[in-house]
Each structure stands twice: as structure tokens, then as C-alpha cells.
Amino acid sequence: MSNRNTTFVKTEGEQIPVVADCDVVVVGAGPAGHAAAISASRNGASVTLLERYHHLGGMASGGMVLVLDDMVNEGNEVVTTGIVSEFVERMEKQDAAVYPPSEDCQTNSEMWQKWSRWGCIDFHKAMMPQPIIHAVAFDPDGWKRVSLDMVREAKINLRTHSWFSDVLREGGKITGVISQTKLGRQAVRAKYIVDGTGDLDVGVAAGADYIDGQFIVTTVFRMANVDTEKAIDFQFSQPEEYKKLDREARRRIGGAWGMWWLKTPIPGVVWCNCPHMPGYDGLSVESMVESECEGRDRMMRLYNFAKKNIPGFENAAMLGAAEQMGIRQTRMLQGEYVVTKDDVKSRRHFETSVCRGRDYYTPYGALLPKAIDNLIVAGRHYSVESDAQKMSREIPPCQAQGEAAGIAVALALNSDQALRDVDYKAIQKQMRAQGADPGDEPSANALCENNIAAE
Ligand SMILES: Cc1cc2nc3c(=O)[nH]c(=O)nc-3n(C[C@H](O)[C@H](O)[C@H](O)COP(=O)(O)OP(=O)(O)OC[C@H]3O[C@@H](n4cnc5c(N)ncnc54)[C@H](O)[C@@H]3O)c2cc1C
């Protein structure tokens with residue numbers, strides 16, 4: 001929001017109650033923040049996890065983003081593991097996750113017909129059929145349950161319904177955070193802080209450098225009572241008729257990826273990762289109200305069309321939009337190292353890599369703000385160029401960043417160090433001990449000749 005033409009008021013100084021004293025406070029319980037909290041706690045830190053909403057999971061649950069992508073490299077090896085794999089296993093036990101067995105991860109029409117409507121495809125490949133790969137379709141409530149189980153098992157002090165509003169400063173040092181709650185403002189004192197807000201809320205309040213970015217926003221929604229097998233059969237048995245109807249469906253929604261509906265672990269319930277709405281600002285109240293109205297209008301246009309015209313959708317019911325608007329990009333840290341589009345595209349390997357997704361590597365310095373000793377970020381607001389973020393912000397790599405950040409704060413705590421002084425090799429070693437891939441060993445296709453020590 002521009003400050004021009006804005007009227008300001010000043011408020012009186014206030015007494016803020018301290019509701020927790022801990023080693024580490026993590027702000028934001030999305031994929032990245034949650035993983036950071038779990039990882040820090042399992043490495044011995046006392047952790048408080050602060051979240052504005054009543055549920056855990058951020059975009060993965062409240063935002064109903066329901067496929068885990070970017071887990072596999074070009075060589076078909078699964079490279080986001082650790083907490084990511086634990087999530088998949090736990091959700092699978094609750095019938096809340098579906099993915100192709102390794103023998104189905106092939107490139108042919110039979111597997112395409114079987115798995116493409118689960119979203120388990122390599123969407124980076126411009127070919128048809130696209131390869132079937134290890135990607136995971138999951139249920140949003142399953143994600144919430146698993147997140148909560150893990151937090152309770154780790155004995156993390158969970159404070160939902162708490163909206164971060166400022167950092168706490170004592171004697172020139174950042175000593176914790178302040179949140180807004182129904183009972184007024186509350187303070188959490190901590191030695192180290194993890195910003196997992198996705199929008200860099202903590203980093204901005206702490207004075208970190210950042211850039212503003214923007215990408216399409218989406219009111220993701222689901223429909224129930226869809227005869228998915230009938231719809232798939234229609235797609236493959238009457239391809240010309242299907243293409244005509246599909247084109248019209250896309251025109252009504254106004255912007256969607258290759259497949260505008262995907263299957264979910266609940267039979268008959270489909271996930272619609274659309275519409276694509278450009279030009280909205282994920283930080284602005286006015287912009288979000290407008291986009292919510294537009295998204296709901298558009299999804300009803302698609303629903304009415306599909307119900308009347310598309311085989312399999314005759315009895316469809318609108319299950320509703322996600323609780324959270326789908327925001328892909330807002331503010332991004334400009335920290336000790338800024339990941340570029342070229343780094344991601346060329347698969348540049350960094351000696352200091354502490355986590356990875358698909359074929360990209362995240363150096364430790366891309367989680368660290370300049371000149372703030374006890375703050376680290378994890379998630380879609382990490383230190384990255386806008387175009388590079390669009391290619392490296394999927395859920396599993398954000399979880400991997402969180403896992404690495406959690407280890408980093410625990411190591412810093414044990415040796416009473418500034419975060420930037422933590423040895424990246426110690427983070428890599430502990431990532432491996434936790435079953436995660438820090439990206440210390442480059443895949444066969446990585447760009448290694450300019451190996452950069454990017455801290
Ligand atoms: C529509 C859409 C489709 C996508 N499709 C895919 C896909 O198919 N596969 C895939 O892997 N990825 C996909 N992504 C990307 C992925 O969902 C996100 O990049 C990822 O969830 C980012 O995780 P995060 O933890 O960094 O942020 P978020 O998921 O945004 O979590 C941030 C958390 O912080 C909390 N928070 C924020 N501000 C505050 C505050 N001030 N105080 C307290 N708490 C706060 C939020 O409530 C939230 O819980 C998609 C994203 C969108 C929007």
C-alpha cells in the first residue's frame with residue numbers, strides 16, 4: 001500500500017505479556033516453518049511455533065495445494081527426502097496420500113492414462129505423454145493431522161491463532177517476536193528466530209533487505225461426486241470431443257495449467273488448481289478481497305459448465321474454495337547469497353548446499369539475511385530472484401529448507417554462535433543423519449565446473 005494520501009495515528013506505549021521463553025521461535029507453520037520447528041526440536045532446542053490460523057500446513061492444507069512436486073531429479077532419483085518422506089509415509093498410513101509405484105514411473109500412453117490425472121507427471125518436460133514420476137497426491141486434512149501429530153510428539157509449544165506483528169528488541173538485539181491475539185499482543189522471547197511466513201513478515205520487521213515480487217494468484221477449489229473414471233474414459237475414447245469441451249471449460253475459468261482437474265485420495269473428489277489470476281498483490285487487503293470475489297465467480301462459471309456438458313461431471317457438487325487464497329510469491333529476502341534463474345536453470349551446484357529440490361541446490365547463504373545474527377528464513381520467501389523463485393518454490397523443497405534451517409539453529413544454539421558462523425558441513429552431515437539430501441553430492445547432470453562457495 002502506498003503511504004501517499006494515507007492518514008496516520010500514533011498509539012501509546014504498552015505493556016506486553018511474555019507468554020513463552022524458548023531457544024527458538026518459528027513463525028509460520030506452513031511446509032517450511034513446520035519442518036524447521038520439528039527439526040530444531042529433534043535436535044534438542046526448546047521450540048515455540050507461532051501460526052496465525054487454526055490449522056497447520058499453510059498452502060499445503062489451508063491453500064489446498066494437493067500435489068507434492070519437484071522431488072525427483074533427471075535421473076529419476078528421489079532427492080527430497082527426510083521430513084518430506086516422513087510426511088508421505090504418515091499420510092499414506094491414513095489413506096491420505098497416493099503416488100505411483102516405481103515400476104509405473106515410465107513414459108508411455110498406458111501409464112499416462114493411469115497416472116496423469118493424479119498430477120504425478122514431469123510437467124517440466126514439453127513432450128506428450130509426459131513422464132510419470134514420483135509425485136504425491138494428498139488430502140489437505142491428512143496434512144493437518146500429520147503436522148499436528150508431529151508437533152505434539154516433538155513437544156513443541158504450539159501457539160496458533162497468533163498473528164506475528166513485530167520483532168521484539170531489547171538492547172539493540174532482536175530477542176523474540178510479538179504476535180496479535182484475541183487477548184491483545186503477546187511476546188515470545190527466543191534466542192533464535194525462523195521466519196517461515198512465506199511473505200518474509202519477520203525479516204521485514206527485523207530490517208532485512210528484500211525485493212517485492214508477484215505471480216498469478218488462485219482460489220483453489222474442489223468438486224465432489226465426480227465420476228472420475230467416466231471422465232477419463234471420455235478423454236481417451238473421444239479425444240476430439242474432449243478437446244473441444246476442455247477448451248471451453250478453460251475459457252470459462254480463464255487460465256489453468258495442462259489439466260484443470262486432478263484426482264484426490266477421496267474417491268469422487270477432484271482438485272481444481274485454477275483460475276490463474278495475474279496482477280494481484282498477496283499482501284494487500286484490497287487486492288485480496290477483489291481476487292477472492294473474482295476467483296469465486298470464475299469457479300462457479302466452470303462448475304456450471306462442467307456439470308451441464310462434461311461426461312462424468314453430471315452429478316458434481318461444489319465442495320468449495322480453499323480457506324486461504326493461493327499466493328505463490330510476494331516478498332523475497334535478498335540475503336547473503338541470492339539464487340538466480342541461471343543457478344536454477346543450469347542446475348548449479350554449490351559446495352555450501354544444505355538442501356535441494358529436483359535439480360536445484362540451495363546454498364546455506366540463501367537462508368541467511370545480511371547483518372542479522374539470529375534470524376534465518378525457510379520457504380518461498382528465501383533469498384532468490386523473482387524468476388528463480390517461480391521455478392524453485394514447490395512444497396518439498398520448502399520443507400527441505402525448513403529441515404536444514406532447524407538444524408542450523410540447533411547447531412548455533414549449542415555453540416552460542418551467529419547463524420552465519422555455523423559450519424555448513426555440519427548442517428549437511430546432520431541432514432544426511434536425518435535421512436534428508438542436503439545436495440552436498442551433486443547429481444550426474446549438475447553444473448559443477450564453477451563450484452561456488454556461496455555462503
Ligand atoms: C495455487 C498454488 C498452487 C501450487 N501448486 C503446487 C503444486 O502443485 N505442488 C507443489 O509442490 N507446490 C505448489 N505450490 C507452491 C507451494 O504451495 C508453496 O510454495 C509452499 O507451500 C510454500 O511453503 P511455505 O511454508 O514457504 O509458505 P506457506 O505455505 O505460505 O506457509 C506460510 C505459513 O505462515 C503462516 N503465516 C504467514 N504470515 C504469518 C504471520 N504474520 N503470523 C503468523 N503466521 C503467519 C501462514 O498462515 C502459513 O501457515 C503452489 C502454490 C499455490 C499458491
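Let's start at the ligand, with E394: one of its polar side-chain atoms lies 3.4 Å from a nitrogen atom of the ligand. Please keep in mind that we are looking at a predicted model. Right beside E394 in the numbering is R393, and here the backbone takes part: a polar backbone atom of R393 is 2.4 Å from an oxygen atom of the ligand. Then there is D201, which brings a polar side-chain atom to 2.9 Å from a ligand nitrogen.

How much of the ligand's own accessible area does the protein cover? On its own the ligand has 1000 Å² of accessible area, and the protein covers 98% of that.

So who stands around the ligand? The shell has 33 residues, and the closest are E51, R52, V67, F164 and R393. Sorted by character, the shell holds 15 nonpolar residues, 10 polar ones and eight charged ones. If you like to think in terms of secondary structure, four elements give two or more residues each: helix 1, at 31-42, strand 7, strand 16, at 326-327, and helix 11, at 395-415. Which of these gives the largest share? That is helix 11, with three residues.

Let me stay with R52 for a moment, since we have just met R52 among the closest residues to the ligand. R52 also lies over the face of W163, at 4.9 Å from the ring centre. And W163 has another partner, which takes us to the aromatic rings.

The model has eight aromatic pairs. One of them joins Y53 and W163: it is edge-to-face, with 6.3 Å from centre to centre and 90° between the planes. Where in the chain do these two rings come from? Y53 is in the loop between strand 2, at 47-50, and strand 3, at 67-68, while W163 belongs to strand 7, residues 163-170, so the pair links distant parts of the chain, 110 residues apart. Are the two rings' residues buried or exposed? Each falls in between: Y53 is partly exposed with a relative accessible area of 27%, and W163 is partly exposed at 42%. Elsewhere, ring pairs link F87, F138 and W143 into a cluster.

Back to that loop between strand 2 and strand 3, because it also holds M59. M59 has a relative accessible area of 17%, and the cut-off for buried is under 20%, so M59 counts as buried. M59 also gives us a nice long-range link: M59 and C398 are 339 residues apart in sequence, yet 11 Å apart in space, C-alpha to C-alpha.

Next, another buried residue, D359. You will find D359 in the loop between strand 19, at 353-357, and strand 20, at 360-363. Its relative accessibility is 5%, so D359 counts as buried. What does the side chain of D359 reach? One partner is the backbone nitrogen of E74, at 3.2 Å. Another is N445, where the two side chains make a polar contact of 3.5 Å.

Now for a few backbone features that are easy to miss when you scroll through. There is a cis peptide bond between M128 and P129, with omega about -5°. P129 sits in the loop between helix 3, at 109-115, and strand 5, at 136-138. A cis bond also runs from C274 to P275, with omega near 5°. P275 is in a loop too, between strand 14, at 270-272, and helix 8, at 285-309.

Finally, two residues with positive phi. N76 has a phi of about 65° although it is not a glycine. N76 is placed in the loop between strand 3 and helix 2, at 83-93, and at 43% relative accessibility N76 counts as partly exposed. D416 is the other, with phi near 50°, again a positive value in a residue other than glycine. The loop that holds D416 runs between helix 11 and helix 12, at 424-433. At 70% relative accessibility, D416 counts as exposed. And with helix 11 we are back at the element that gives three residues to the ligand's shell.

Note on methods. Residues numbered from 1 in each chain as written. Predicted model: local features only at pLDDT ≥ 70, side-chain atom pairs only at ≥ 80, totals over all residues. Heavy atoms only, no water. Phe/Tyr/Trp six-rings, centres within 6.5 Å; stacked < 30°, edge-to-face > 60°. Buried < 20%, exposed > 50% of the residue type's maximum accessible area, 1.4 Å probe, protein only. Lys NZ or Arg CZ within 6 Å of the ring centre and 35° of its normal. Near = heavy atom within 4 Å. Polar contact = N/O pair within 3.5 Å; in protein donor to acceptor, adjacent residues only side chain to side chain. Areas by Shrake-Rupley, 256 points an atom, 1.4 Å probe, with all protein chains shown as cover. Nonpolar A, V, L, I, M, F, W, Y, C, P; charged D, E, K, R; others polar.
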